[in-house]
Amino acid sequence: IELGFSEWGAGPRAPGKTCNVGLEELDLSMNDISAIPDNGFTSLRSLQTMLLQENAIASMADRAFVGLVALQVLNASSNQLVALPPELFQSTRDLREIYLHNNSISVLAPGLLEGLDQLLVLDLSYNELTSSWVNRDTFSGLVRLVVLNLGHNQISRIDTHVFQDLYTLQILNLEYNEIDTIAEGAFLTLSNLHALTLSHNNLLKIEPYYFSGLYVVNQLFLDHNHITEIDHRAFENCTNLKDLGLSSNSLTRIPEAIKLIGLLKSLDLGRNKIKNVENSSFQALDHLFSITLIENELINITKDSFSTLPSLQILNLAQNKIKHVDKGAFGANTALHAIRLDGNQLKDINGMFVNLPSLRWLNVSDNQLQWFDYALIPQSLEWLDMHQNNVADLGNYYEKRDNLQIKMLDASFNRLTEIGDTSIPDSVESVFLNDNLIRKVKPNTFLRKANLSRVVLFANKIQNIDIAALALDTFPEEKELPQFYIGNNPIHCDCTMEWLQRINQLSHLRRHPRVMDLDSVTCQLTHSRGSPTKPLLDLKPSQFLCPYEAHCFALCHCCDFDACDCEMTCPTNCTCYHDHTWSANVVDCSNVGYRSVPTKIPMDATEIYLDGNDLGELGSHVFIGKKKLEVLYLNNSNVNSIHNRTFNGVTSLKVLHMENNHLQELRGFEFDQLENLNELYLDHNDIKHLGNSTFKTMKTLEILKLEANNIVNFSPWTQLNSETLAELSLEGNTWTCNCNSIGHMEAWLRDNADALNVDKLLCAEGKETLYDAIKRCGESRDSAAATSVVQRSPF
């Protein structure tokens, strides 16, 4: 590296020149520096901070920092250092902080840190140091050191005099090593140590002399070792200890040694093998604030288990095997704020939380609770998690409303079948009711919930829901409307559910929530051709249908007589449906064995399905008076002929299905009433003749299916009159492909290439496609211009 910070030049006889003598901070981090040579910074006598982290430095020369007499902070972390030369810091006696973590240092040369009596912070974590190089001489003389981090190395033992001069040390981190032995008196001189971390090592037993001399230590972490036994005198010197971590060991009982820690506030015994809590387990721990016993093997909690802990506020008993808790078991712990009992085997919580006026947070999820009532919990509770139980009802026998203060309620993954206004406290802000068996949400369930912000009803069994079930008291403009989630329910989108599609358009009224997952809501349709399940937002209002057998409008005066236009009577063996405004009226008589068109089809029918019957000949006027009819299915019904007046009176018809029948000819006037037809399906018949006037009145035709018939020489340029044709299928019919008559077809295809797949059209002989014939005829023409047009394949 040569950055011009050296005044060494070529040595004493040829000194270099520099003007950087006033520089106080030098940041060379995140470069590609691979080595620090001798005398590279000799001119920087005022430099206080040098940042070399995140380079690729693999070596530093003995005299790398010569001249840096004012240096106080050195960060060479995240490099590739393996060792440091013994004289590296001889010129930097004023160093206060050294950061060498995240290297590969396995050797600490003797005397490396000698003379650094101003050093406060030394971080050697994430290296490869072993006990051979961390010995009595390593930290000798560091009399002002406050923080020492040796975590994430390979140290296996702590010898007696390793820390002998570190009497000002306050924080010592030895986590993630391989320590299995601590010599007697190893920490004896650390009379000012406040925090000692020995987590993630290989300790098996805590001997009485391990922590001798640690009179002021207030944090001691021994978690993630293999501790099976703790001597009853192990903590007798740790009289100021406030926070003790013993989680993830192999303890089978609560250590007697903790009784000597009178000022202890936080105790973590989680993830051990403790089976019992006795009434004397926590004697003399009057200041204990928090106990964690998560993931042990507790089965019963007796009334006296925690009775000696007047200051207890946080109790974690989650993920045990608890089947029984005595009534009033926590009654002596009136200061309790939070209890975790989740992940146990409780079936009943009756009487468990009496006399707990300060309880705010309760988790009883993932148990086997069979029933629940709000009378079982303290009125002070604000956060209740009871998900993943077997509760069938959120009981409120005493109709407690004003007294409850619950803000978060999680009752998901239970067996709830319905909810009403007393099921959810008025104070609630967030409610999670997903993954239950809820079929019914009663009207006004969410009234009086002025603080409501989120309701999750996802993944239940809701089929129908009244808009009144989602009604709210008027929300002020300055507050966000509550967010509801109702996806993954088997919602039956009948005529009573049409409002759901529009609910978010009612937000200006401030009386209904915003449903945030409408785009993921799928509907089961009462009547549908094709998939019975469709996305809610893809539906038309006319698809929200309810069945009916007979209906008479209020202004109808002739319902006692036959053939009354305002009476709706569903034909025998048919099913009929209407939307919420009776604008849609669907009559489905599919596959019921009719041999003729039923005579009592409601006059206001908008869709009629007669497919799959045996209708034979369709006589004149069989659909007379059906002025609103838009969709008619007559396919697969053995229809063999149509009269000229069959469709008389159905002037609104837009879609006509007559495919898969036995029609042989259409003379030309059968469809002359169908001026508004958009889709016509005549495929898979036996049509041999089409009159030139058959499609003349259909000026808005978009889809015409004629494939799989026996039509010869169909001439779309004369037989079709639609300017909106988008799809025409003629496969399976034939043409006489002589060059004298094929020109008209070529011209029509040039203008309508997108509507027809010409590659599948065959000539009468069956050996040549229509496309090939046009190409052949074009090549035989004398005109070069015509030949060029065919070569460009215009269609």
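This briefing covers the domains, the largest pocket, one open sheet and two helices of the structure above. The model is a predicted one, and its protein chain is assigned four stretches as domains: domain 1 (105-274), domain 2 (276-368), domain 3 (370-541) and domain 4 (545-551 + 567-706). Residues from domain 3 and from domain 4 both contribute to the lining of the largest pocket, so this pocket lies between the two domains.

**Domains**

- Domain 4 is assigned in two segments, 545-551 and 567-706, whereas domain 2 is given as 276-368.
- Taken over C-alpha atoms, the centre of domain 2 and the centre of domain 4 are separated by 73 Å.

**The largest pocket**

- The volume of the largest pocket is about 590 Å³, and of the 20 residues that line this pocket, Lys 540, Ser 542, Gln 543, Glu 607 and Val 631 are the closest to its centre.
- Two strands, β44 (607-609) and β46 (631-633), are the elements that give two or more residues to the lining of the largest pocket.
- In terms of residue character, the lining of the largest pocket comprises eight nonpolar, six polar and six charged residues.

**The open sheet**

- The strands β35, β37 and β38 form an open sheet of three strands in the order β35-β37-β38, with mixed pairing.
- Because β35 (491-492) and β38 (533-535) stand at the edges and each has a single partner strand, one side of each is left without a neighbour in the sheet.
- Strand β37 (residues 522-524) pairs with β38 in the antiparallel sense over three bridges, and Cys 523 has Lys 534 in β38 as its bridge partner.
- As a general point, strands of a sheet pair through backbone hydrogen bonds, in either a parallel or an antiparallel sense.

**Two helices with a buried side**

- In helix α2 (residues 743-751), the buried residues include Met 745, Glu 746, Trp 748 and Leu 749; these four cover an arc of only 165° around the axis, which puts them on the same side of α2.
- His 744 and Asp 751, by contrast, are exposed on the other side of α2.
- In helix α3 (residues 770-780), Leu 770, Ala 773, Ile 774, Cys 777 and Gly 778 are buried; these residues cover an arc of only 135° around the axis, and therefore they lie on the same side of α3.
- On the other side of α3, the exposed residues are Glu 779 and Ser 780.

Notes: Residues are numbered from 1 along each chain as its sequence is written. This is a predicted model: local features need pLDDT of at least 70, side-chain atom pairs count only at pLDDT 80 or more; totals for chains, interfaces and linings use all residues. Side-chain values use heavy atoms; hydrogens and water are left out. Buried means under 20% relative accessible area, exposed over 50%, partly exposed in between (1.4 Å probe, protein chains only). The arc is that of the directions from the helix axis to the C-beta atoms. Domain bounds come from an automatic or database domain assignment. Two strands pair if DSSP finds at least two bridges between them. On a 1 Å grid over the protein atoms alone, a cavity is a set of points where a 1.4 Å probe fits but cannot get out, and a pocket is an open set with protein on both sides within 12 Å along at least five of seven lines; lining residues have an atom within 4 Å of a point. Grid points are joined across faces, edges and corners, and a volume is the space filled by probe spheres set on the points. Ala, Val, Leu, Ile, Met, Phe, Trp, Tyr, Cys and Pro count as nonpolar, Asp, Glu, Lys and Arg as charged, and the others, Gly among them, as polar.
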